[in-house]
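Visitor: I keep hearing words like "buried", "edge strand" and "right-handed" when people talk about proteins. Could you show me one and tell me how each word is earned?

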Amino acid sequence: MRNFIRFALLAVLAALISSCGRKAPDTDLIVYYSQTGNTEILAKLFAEKLNADIFRLECETPYPDSFEETIEESRKEIEEGLGRTLVNAQASLDAYRTIYIGYPVWFGTIPPPLTAFIAENDLQGRNIVLFCTYGSGGVKSSTKSFKTAVPDCNLLGSYGIAARRLDAAGAEVDEFLANLGKTDEQDAPSCSEPRPYADTDQAIFIEATEGYGYLHLTPVMVAVEEKADGSSVWFFTCESSMREGMPAVNVEACIVKPAEGKAYLKSMERL
Ligand SMILES: Cc1cc2nc3c(=O)[nH]c(=O)nc-3n(C[C@H](O)[C@H](O)[C@H](O)COP(=O)(O)O)c2cc1C
């Protein structure tokens, strides 16, 4: 009998030791870079909703406080495909089910600190979800950059929100997480064929693009998706000359008209 009790105690002790320090297999990790705090707000929201661990990437030499200087430094890094050296580049990722990676869109792509993180960690084969904040858009283009850098990961989805709409992130993230991984085409609302932009589209376009004058948008075509909840999503193909003296480029401005309330620019992508 005494031997049996001793054996049972040893078995319990062994189980305790082996589970110590090991994550439950359903724990997620949020990894993010944020220069001015917007993406950090979103990262904390994801962490709270998923009850996930959170890890902030820190640059060895932080970017300057000035926007113009950051633009200057990061443009060179991005053009040369360089990462920005991090003080905590390598993370212990093995124990996690899904890695949520957050970043600000820079020049339509991922920022150099994230490029450094990708270079230092093996993300191939891992479950990944991307999330980002931006001024006017870049979810699709930055997701494409990420996929090029990590072609064999299992990318489950990408979410993005304009910094000026961060107040709406709570509800949107709930919806995004609820639909993550669902690919049922039948659930997808159908979109109208694109047609030339007409005077009747003006009210929605102007309402949503107020405050985006710097994008110099000229709408050319539009397609509309009517949703079951009474809202609609408008895809405007536009010409945009984002910088003075630069030739116009074609962009898609995705505008949401909620069932109630003002239309807003959800995102913009270069075509
Ligand atoms: C260097 C730099 C480049 C940027 N490029 C873009 C861009 O291409 N498209 C965009 O919509 N916003 C762009 N932005 C705006 C940021 O994506 C936006 O302010 C973001 O919310 C900042 O996130 P953070 O506060 O986490 O750093 C850029 C900002 C900086 C500093």
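Guide: Let's go through this predicted model one label at a time.

Visitor: What does the protein chain contain, in helices and strands?
Guide: The protein chain has 7 helices and 10 strands. Of its 271 residues, 27% are buried.

Visitor: Let's start with the first sheet. What makes β2 and β5 its edge strands?
Guide: The sheet is an open one, with 5 strands in the order β2-β1-β3-β4-β5 and parallel pairing. β2 (53-56) and β5 (154-162) each pair on one side only, and that makes them the edges. From one strand to the next, the twist averages 20 degrees.

Visitor: How do you know that β1 and β3 are paired?
Guide: Two strands pair if there are at least two bridges between them. Strand β1 (residues 29-32) and β3 have 4 bridges, in the parallel sense, so by that rule they pair. One of the matches is Tyr32 with its bridge partner Gly102 in β3.

Visitor: And what joins β3 to β4?
Guide: There, 7 bridges do the job, and the two strands run parallel. Tyr100, for instance, has Val129 in β4 as its bridge partner. To get from β3 to β4, the chain crosses through helix α4 (residues 112-120), and this β-α-β crossover is right-handed.

Visitor: Why is that crossover called right-handed?
Guide: Picture the strands pointing away from you: the label applies if the path from the first strand over the helix to the second runs clockwise. The path from β3 through α4 to β4 is assigned to that class.

Visitor: What about Val129, on the way to β5?
Guide: Val129 stands opposite Gly157 in β5. β4 and β5 pair over 8 bridges, again in the parallel sense.

Visitor: Is β3 mostly covered or hardly covered?
Guide: Mostly covered: 6 of the 7 residues in β3 (residues 98-104) are buried. A residue earns that word if 20 or more other C-beta atoms lie within 10 Å of its own.

Visitor: Now for helix α3. What makes its length agree with a helix?
Guide: Helix α3 (residues 67-79) has 13 residues, and at 1.5 Å a residue they should span 18 Å. Its end C-alpha atoms are 18 Å apart, so expectation and model agree.

Visitor: How many residues of α3 are buried?
Guide: The count is 0 among its 13 residues, so α3 is hardly covered by the cut-off of 20 neighbours. After α3 comes Gly81, whose phi is positive, near 70 degrees.

Visitor: What surrounds the ligand?
Guide: There are 23 residues around the ligand, and the closest are Ser34, Asn38, Thr39, Pro104 and Gly135. The elements that give two or more residues to this shell are α2 (38-50), α3 and β4. α3 gives the largest share, with 4 residues.

Visitor: Why does Phe107 count as partly exposed?
Guide: Phe107 has 15 C-beta neighbours inside 10 Å. Buried needs 20 or more and exposed needs 12 or fewer, so a count in between is called partly exposed. Phe107 lies in the loop between β3 and α4, and has a positive phi of about 50 degrees although it is not a glycine.

Visitor: Where is His216, and what is its phi?
Guide: His216 is in the loop between α7 and β7. Its phi is positive, about 45 degrees, although His216 is not a glycine. With 15 C-beta neighbours inside 10 Å, His216 counts as partly exposed.

Visitor: What is the order of the strands β6 to β10?
Guide: They form an open sheet of 5 strands, β6-β7-β8-β9-β10, with antiparallel pairing. Its edge strands are β6 (195-196) and β10 (264-270), since each pairs on one side only. β6 and strand β7 (residues 217-226) have 2 bridges, so the pair meets the rule of at least two. In this pairing, Arg195 stands opposite Val222 in β7.

Visitor: Last one: what makes Val249 exposed?
Guide: Val249 has 12 C-beta neighbours inside 10 Å, and 12 or fewer means exposed. Its place is in strand β9. Leaving aside neighbours within four places in sequence, Val249 is in contact with Ser240 and Arg270.

Notes:
Residues numbered from 1 in each chain as written. Predicted model: local features only at pLDDT ≥ 70, side-chain atom pairs only at ≥ 80, totals over all residues. Expected span 1.5 Å × (residues − 1). Near = placed C-beta within 6 Å. Contact = placed C-beta atoms within 7 Å. Axes fitted to C-alpha atoms, helices over the stretch in contact; angles between N-to-C directions.
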